[in-house]
Structure formats: structure tokens, C-alpha cells
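Let's take a walk through this model together. Keep the sequence and the 3D view side by side as you read.

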Amino acid sequence: MVEEAAKGLGILFVFSSSFRRWLSQGETADGSRTWELPGSFLLDLLGKESTGEREVDSPLDGLIYGALVGFGFELTENISYYGDFVSGSGSLFQFIFLRSVLLGFGHALFSGTFGLGIGIGRTREGPDRLLFPLAGYGLAVLMHGFYNYFAFQNVLGLLVFYFCLLVGMGTTMMILIHEERAWIQEELEDEIARGMLSQAEVNLVVDFSYRLLVDLNLLGKDRSEWLKKYRFLQSCAELALKKRLLLAGQTKEVGYQELEDLRRQVYHLRVHVEDDLTPDGD
């Protein structure tokens with residue numbers, strides 16, 4: 001319960017307005033990074049509009065942010081475990097393989113569940129939306145508890161339970177990806193109708209393999225050109241998902257002016273994907 005609550009604070013920090021200000025103010029003129037926590041951090045977390053503020057547009061976002069926080073926690077925790085390793089209990093290599101490779105997704109699965117709860121709550125309106133983060137936290141604690149139980153009682157049972165968690169989370173992610181693609185396609189239909197985007201351009205946005213290719217090529221030599229493609233895809237997806245949140249009643253967190261700003265950004269960036277459009281695209 002304590003570990004999941006601690007990781008939950010990390011997830012809430014990502015979702016808070018403090019995170020955005022910290023990112024915007026975290027780079028100095030010489031390109032170095034500053035690591036100052038805003039003084040209003042606690043107030044942001046306790047504020048009515050803090051959870052999910054701007055950074056999370058869909059349940060898939062919540063799951064990914066939560067899983068990344070879990071990965072960070074696990075990497076830090078493993079340092080302590082490796083330092084306390086007793087050679088008489090087996091080889092250090094086997095221990096590292098067990099914790100970091102075979103069971104390396106444990107904390108990501110737990111905290112990803114809590115992040116998923118926050119992401120689902122973002123797509124709802126009314127006081128009931130708070131039930132989803134609470135349910136996500138409760139499920140994360142339950143999963144973590146069973147994981148620890150099997151770790152002390154039965155290694156085979158632990159592996160079977162862990163495999164079931166992986167399958168369940170993988171299936172959930174595939175469902176969320178399919179759902180998000182459908183949302184993006186649906187919300188960008190009127191942008192196609194008004195002539196701001198073509199169907200071929202929208203096809204690139206909802207093509208997960210193409211978006212992944214752009215992400216990977218950001219590591220290549222022509223980084224500036226790929227970065228502009230990445231920004232186009234991100235702007236289109238954000239425009240669609242912000243419209244979805246506005247439709248769900250999130251008028252305090254998404255404004256019409258923000259949508260217009262995103263439309264202008266999409267319009268100016270669309271030229272960078274012209275070479276990747278299929279010849280027969282509409």
C-alpha cells in the first residue's frame with residue numbers, strides 16, 4: 001500500500017500543472033537543466049483541476065505515464081537489492097536476470113494500473129470520475145500484494161501470476177490503442193470536411209507503425225525534419241483527443257482557443273509529411 005501510494009504521488013506530479021511549469025522553466029540559456037520543484041507543487045496536487053491537467057488526453061496516456069513511473073521506481077529499488085545481495089543465496093547474475101529481465105515489468109504493471117484509472121477518469125464527467133483512480137490504486141495494491149505473496153511462497157505460482165498480468169496488460173494496451181485510433185479518426189472527420197486535413201494525412205496519424213517509425217527516426221541523422229513530422233502527428237492526435245475531452249464536458253481544462261491554436265499548428269506542419277503520403281490517398 002505504501003509503495004503504490006508513493007508511486008501514485010509520482011504519477012500525480014506528472015499530471016499536475018507543476019510538471020508543465022517545471023518542464024518549461026527547467027532549461028537554462030546554456031542548455032543545461034535545472035531541477036527545481038515548484039513551491040506550489042502541493043497546492044497543484046490538491047487543486048480541483050490538477051489531476052490529469054493537460055498531460056493526459058486518454059486512458060492510454062495514463063497507462064503509459066504510470067508504467068514509466070513504475071519503471072523508474074523499479075530501477076531505483078533494484079540498486080538497493082543488488083547492493084544487499086548475499087552470494088550464498090545464488091549467483092548475482094541469476095538474481096539480476098530474475099529481477100531485471102524475467103520479472104522486470106512488475107512495478108510498471110502495478111503503477112500503470114493506477115495511471116490507467118486516472119486516464120479513464122479523464123474521459124468522464126461528474127463526481128463519479130474520481131472512482132476510477134481509486135479503483136486503479138486499489139487494483140494496483142491487490143496485484144502487488146498477490147505478487148509478493150507468490151514471491152515468498154511459490155516461484156512457479158509467481159511466474160504464472162506474472163505471466164497472466166503481462167497478458168492482461170498487453171491485451172488492455174491493444175484495446176486502448178484501437179480505441180484511441182478510432183477516437184482520432186472520428187474527431188478529425190470534421191477537419192477533413194472543412195479541408196484542413198486530407199484523409200491520407202489522417203491515415204498517417206492513426207497508423208501506429210508509422211508513428212513508431214517517426215519516433216525511432218528521431219534518433220537518426222536528420223533529426224530536425226523528423227521532429228517536425230513528429231510534431232505534426234502529435235498535434236493532430238492532441239487536437240482530436242482534446243476535442244474528445246471537450247465533448248466529455250472537460251470545459252475547464254480544454255478551451256476553444258486551445259483547439260484553434262492546435263489547428264494552426266497542424267496547418268503549418270502538414271507540409272512535412274507530404275513525401276510520405278500514398279499516391280492514391282484522398
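The paragraphs below move from confidence in the model to its salt bridges, its buried residues and its surface.

First, a word on how far to trust what you see. This is a predicted model, and the protein chain averages a pLDDT of 77, with 75% of the residues scoring at least 70. Confidence varies along the chain: helix H7 (residues 131–153) has the highest mean pLDDT among the elements, at 91, while helix H3 (residues 41–46) has the lowest, at 47. Two stretches deserve some care. Over residues 26–33 the pLDDT is below 50, and that stretch has eight contacts in the model beyond near neighbours in sequence. The pLDDT also stays under 50 over residues 41–53, where the model has 29 contacts beyond four places in sequence.

Now turn to the charged residues. The count of salt bridges comes to ten. Which residues are linked in a network of salt bridges? They are Asp190, Glu191, Arg194, Lys243, Glu260 and Arg263. A good place to enter this network is glutamate 191. At 0% relative accessibility, glutamate 191 counts as buried. Its side chain meets that of arginine 263 in a salt bridge with an N to O distance of 3.0 Å. Glutamate 191 belongs to helix H9 (residues 189–193) and arginine 263 to helix H13 (residues 256–269), so this pair ties together parts that lie 72 residues apart in sequence. Arginine 263 is buried too, with a relative accessible area of 10%. Glutamate 191 also meets the side chain of arginine 194 in a salt bridge, here at 3.7 Å, N to O.

Another member of the network, lysine 243, brings in helix H12. Is lysine 243 buried or exposed? It counts as buried, because its relative accessibility is 9%, under the 20% limit for that class. Leaving aside residues up to four places away in sequence, lysine 243 touches Glu187, Asp190, Glu191, Leu259 and Arg263. With glutamate 187 there is a particular detail to look for: the backbone oxygen of that residue lies 2.6 Å from a polar atom of the lysine 243 side chain.

Helix H12 offers a further salt bridge, between the side chains of glutamate 186 and arginine 244, at 3.4 Å, N to O. Glutamate 186 sits in helix H8 and arginine 244 in helix H12 (residues 223–247), so the pair connects parts that are 58 residues apart in sequence. Both partners are partly exposed: glutamate 186 has a relative accessible area of 47%, and arginine 244 has one of 23%. Elsewhere in helix H12 you will find glutamate 225, which counts as partly exposed at 27% relative accessibility. Follow it across to histidine 272: the two are 47 residues apart in sequence, yet their C-alpha atoms are 7.4 Å apart in space.

For a look at the interior, move to helix H10 (residues 199–206). Six of its eight residues are buried, so the helix is largely enclosed by the rest of the structure. The buried residues of H10 are Ala200, Glu201, Val202, Leu204, Val205 and Val206.

Lysine 7, in helix H1 (residues 2–15), is a charged residue worth a stop as well. At 2% relative accessibility, lysine 7 counts as buried. Its side chain makes a polar contact of 2.9 Å with the side chain of glutamate 4. Those two residues are three places apart in one helix; an α-helix has 3.6 residues a turn, so residues three or four places apart point the same way. Setting aside residues up to four places away in sequence, lysine 7 touches Val69, Gly70, Phe73, His107, Phe110 and Ser111.

Finally, come out to the surface. Which residues make the nonpolar surface patch of about 640 Å²? Phe93, Phe97, Leu98, Val101, Leu102, Val155 and Leu159 do. Helix H5 (92–102) and helix H8 (155–187) each supply at least two residues of this patch, and H5 gives the most, with five. One of the H5 residues is leucine 102, which is partly exposed, with a relative accessible area of 36%.

Notes
Residues are numbered from 1 along each chain as its sequence is written. This is a predicted model: local features need pLDDT of at least 70, side-chain atom pairs count only at pLDDT 80 or more; totals for chains, interfaces and linings use all residues. Side-chain values use heavy atoms; hydrogens and water are left out. Buried means under 20% relative accessible area, exposed over 50%, partly exposed in between (1.4 Å probe, protein chains only). Helices (H or I, at least four residues) and strands (E, at least two) are DSSP runs, numbered from the N terminus. A polar contact is a pair of N or O atoms within 3.5 Å; within protein, one must be able to donate a hydrogen and the other to accept it, and residues adjacent in sequence count only if both atoms are side-chain atoms. Contact means heavy atoms within 4.5 Å. Patches are made of residues with over 30% relative accessible area and no salt bridge: like charges are joined within 9 Å, nonpolar side chains (Val, Leu, Ile, Met, Phe, Trp, Tyr) within 5 Å. Accessible areas come from the Shrake-Rupley method with a 1.4 Å probe; for residues, only the protein chains shown count as cover. A salt bridge is a side-chain nitrogen of Lys or Arg within 4 Å of a carboxyl oxygen of Asp or Glu. pLDDT is the predictor's confidence in each residue, from 0 to 100.
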